[in-house]
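Student: Could you take me through one part of this model slowly? I would like a close look at a single strand and its surroundings.

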Amino acid sequence: MTEISRLVRANIRNLKPYSCARYEFKGEASVFLDANENPLNVAPYNRYPDPLQEELKAKIAGIKNVRPSQIMLGVGSDEPIDLVIRIFCEPRIDNIVAMEPTYNMYGVCADINDVEYRRILLNDDYSLDAGRILEAVDEKTKIIFLCSPNNPTGNLAERGEVLKILNGFGGIVVMDEAYIDFSSQPSWLKALDEYPGLIVLQTFSKAWGLASVRCGMAFASEQIVGYLNNVKYPYNINLLTQQFVSEQLDHEERKEKWVKTLLEQREILAAKLAAIPLIEKIYPSDANFLLVKTPDANDIYSKLTDRGIVVRNRSNVSLCLGCLRITVGTAEENDILTNTLKQL
């Protein structure tokens with residue numbers, strides 16, 4: 001049994017996954033009478049989609065410089081987050097360690113699956129302390145969740161600290177890179193072959209501007225992807241999503257142009273916010289948002305919403321007292337926000 005297999009829950013390891021008709025048949029055919037589909041509607045929408053999204057994965061692999069077999073596609077990143085917990089964590093026995101503050105869905109999914117979730121505070125400057133993370137690990141820790149650039153703080157996890165965790169932990173390390181396209185640092189995708197327990201999450205929701213399409217990517221070893229495919233629902237990515245995302249991938253240069261524009265606007269927005277007395281501090285960001293500290297985030301948030309401007313109040317999050325998270329919008333949206341803040 002491989003080291004990864006030993007980490008997997010016994011019932012998942014022994015699972016006989018559902019085998020749908022499109023798993024069993026590979027090749028060309030003109031008559032499909034295997035899946036109880038309605039033959040009277042217009043093809044291909046009357047047919048079940050490819051359950052493994054092979055054409056789309058091949059396209060993604062070429063862009064990301066990974067093997068198609070290292071990709072699992074999910075309904076946003078939330079689906080693979082949930083699947084990873086279900087695959088590796090025995091409810092009420094195993095535990096998860098994660099940095100705090102960070103994306104709250106890790107904790108929500110842990111709670112849904114009845115798995116202990118250990119929140120380990122970042123340093124006061126939001127930097128990652130690998131030693132503190134590893135100190136929280138015990139023999140029942142199956143997963144460590146990291147997010148870089150982090151949400152809501154916007155900063156990258158220092159590479160040396162991440163390496164300490166990868167080298168010092170024998171379980172699964174999930175690196176969430178939802179905002180990596182806005183970062184000046186490279187992805188951890190190149191480390192997949194070196195660290196068999198590493199899972200990297202990325203998404204089409206941010207830089208690609210496809211939040212409503214709900215398509216996320218999990219990159220991992222072929223073995224882990226195999227378990228993800230066994231546990232996911234057979235047709236989790238519908239045909240319309242597969243087709244639309246594939247079309248968008250033909251316009252990578254447009255995505256890069258959007259990223260460039262948003263990075264420019266991020267700097268302009270930060271400069272304008274810095275000149276507003278209500279803004280006490282602007283934290284460094286490698287994402288498409290800024291975390292800012294204010295004297296009273298609750299009051300400012302309420303006044304902004306009264307004027308039809310919605311930001312994210314993060315004042316109730318650990319280490320973020322008084323903080324608002326502001327997404328970088330268009331130049332016009334950013335000006336509306338800053339001009340309104342000047343009047344509060």
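Tutor: Happy to. Let us agree on terms: two strands pair if DSSP finds at least two bridges between them, and strands (E, at least two residues) and helices (H or I, at least four) are DSSP runs numbered from the N terminus. This is a predicted model, in which local features need pLDDT of at least 70 and side-chain atom pairs count only at pLDDT 80 or more, while totals for chains, interfaces and linings use all residues. Residues are numbered from 1 along each chain as its sequence is written, and side-chain values use heavy atoms, with hydrogens and water left out.

The strand I would pick is β11, residues 323–327. On one side it has β9 (residues 289–293), joined to β11 by five bridges and running antiparallel to it. Within that pairing, L324 of β11 sits opposite V292. The other neighbour is β10 (residues 312–313), which is also antiparallel to β11 and is held by two bridges; here R325 of β11 is the bridge partner of R312.

Stepping back, β11 belongs to an open sheet of four strands, ordered β8-β9-β11-β10 with antiparallel pairing. The edges are β8 (281–282) and β10, each of which pairs on one side only. Two bridges link β8 to β9, again in the antiparallel sense, and K281 has K293 in β9 as its bridge partner. As a general point, side chains in a regular strand alternate between the two faces of the sheet.

Now for the helices. Helix α11 (residues 252–274) lies across β8, β9 and β11 and runs at about 15° to β9. Helix α12 (residues 297–306) lies across β10 and β11, at about 40° to β11. Contact here means heavy atoms within 4.5 Å; the angles, from 0 to 180 degrees, are taken between N-to-C directions of axes, which are lines fitted to C-alpha atoms, for helices over the stretch in contact.

How enclosed is β11 by the rest of the structure? Counting as buried any residue under 20% relative accessible area, as exposed any over 50%, and as partly exposed those in between (1.4 Å probe, protein chains only), four of the five residues of β11 are buried, so the strand is largely enclosed by the rest of the structure. To put the picture together, β11 has β9 on one side and β10 on the other, with α11 and α12 both lying across it.
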